[in-house]
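Work through these exercises with the model open. Try each task before reading its solution.

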Amino acid sequence: FIGMQERFIHARSPEANNMKVLGPLWGRFLPVYQRIPNRVNEHCYGVIEKRPEAERQHPDELLYIAGVEATSADDVPDTMVARVVPSLTYAVFTHVGPIENILRTINAAYEDWLPNSEYEHSGIADIELYDERFRPGTPECTMEYWISVEKK
């Protein structure tokens with residue numbers, strides 16, 4: 001993945017700032033993402049990574065990359081980063097409706113599905129997929145939230 005990154009406090013934290021941080025990040029990224037070389041397609045991704053405790057400014061801090069999938073990390077534009085995410089198993093959850101309601105989908109995934117499944121979070125990376133179904137401002141606005149998992 002190649003994109004722009006920011007630290008943020010995740011949506012399930014009482015001090016969550018994801019909506020304040022991630023919207024402006026996407027606002028900076030979307031006007032320039034087509035300049036990224038080696039893009040695979042027009043889909044955009046949010047890559048969410050846990051930060052080492054020593055690097056966090058808050059216990060619930062994560063790293064978010066607004067990016068695109070690329071075939072190579074060569075020629076990464078200034079102000080952007082490249083990140084290789086290993087092949088993993090993902091539980092995929094479809095969110096339909098305003099992005100401001102994403103916490104409902106995340107809570108259903110982490111609080112309902114995950115504890116009752118045969119999986120646990122892998123601790124690697126979660127991914128958001130924004131493809132042609134993502135049409136903000138429409139009732140059918142759709143995106144996917146992928147949780148990296150492994151067998152318990």
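**Exercise 1. The aromatic cluster**

Task: In this predicted model, find which residues form one aromatic cluster.

Solution:
- The cluster consists of Phe-8, Trp-26, Phe-29, Tyr-33, Tyr-64, Tyr-130 and Phe-134.
- The structure holds 11 aromatic pairs.
- Take Phe-8 and Tyr-64: their ring centres are 5.8 Å apart and their planes meet at 85°. Planes over 60 degrees apart count as edge-to-face, so this pair is edge-to-face.
- Phe-8 sits in strand 1 and Tyr-64 in strand 3, 56 residues apart, so the pair links distant parts of the chain.
- Phe-8 has 5% relative accessibility and counts as buried. Tyr-64, at 1%, is also buried.

**Exercise 2. A second ring geometry**

Task: Classify the pair formed by Trp-113 and Tyr-119, then state how accessible each residue is.

Solution:
- The ring centres lie 6.1 Å apart, with planes at 20°.
- Planes under 30 degrees apart count as stacked, so Trp-113 and Tyr-119 are a stacked pair.
- Trp-113 has 32% relative accessibility, which makes it partly exposed.
- Tyr-119 is partly exposed too, at 22%.

**Exercise 3. Helix 1**

Task: Check the span of helix 1, then work out where its buried residues point.

Solution:
- Helix 1 runs over residues 18–29, which is 12 residues.
- At 1.5 Å a residue, the expected span is 16 Å. The end C-alpha atoms are 16 Å apart, so the two agree.
- The buried residues are Asn-18, Val-21, Leu-22, Leu-25, Trp-26 and Phe-29.
- They cover an arc of only 125° around the axis, so they lie on the same side of helix 1.
- These residues pack against strand 1 (2–9), strand 2 (44–50), strand 3 (61–68) and strand 7 (125–130).

**Exercise 4. Strand 2 and its partners**

Task: Establish how covered strand 2 is, and which sense its pairing with strand 7 and strand 3 takes.

Solution:
- Six of the seven residues in strand 2 are buried, so the strand is mostly covered.
- Strand 2 pairs with strand 7 in the antiparallel sense, over six bridges. Cys-44 has Tyr-130 of strand 7 as its bridge partner.
- Strand 2 pairs with strand 3 in the antiparallel sense, also over six bridges. Here Glu-49 is bridged to Leu-63 of strand 3.

**Exercise 5. A loop residue**

Task: Is Arg-35 buried or exposed?

Solution:
- Arg-35 lies in the loop between helix 1 and strand 2.
- Its relative accessible area is 66%. Exposed means over 50%, so Arg-35 is exposed.
- The C-alpha atoms of Arg-35 and Pro-77 are separated by 8.2 Å, although the residues are 42 apart along the chain.

Methods. Residues numbered from 1 in each chain as written. Predicted model: local features only at pLDDT ≥ 70, side-chain atom pairs only at ≥ 80, totals over all residues. Heavy atoms only, no water. Helix = DSSP H or I, 4+ residues; strand = E, 2+ residues; numbered from the N terminus. Expected span 1.5 Å × (residues − 1). Buried < 20%, exposed > 50% of the residue type's maximum accessible area, 1.4 Å probe, protein only. Arc of directions from axis to C-beta. Contact = heavy atoms within 4.5 Å. Pairing = 2+ DSSP bridges. Phe/Tyr/Trp six-rings, centres within 6.5 Å; stacked < 30°, edge-to-face > 60°.
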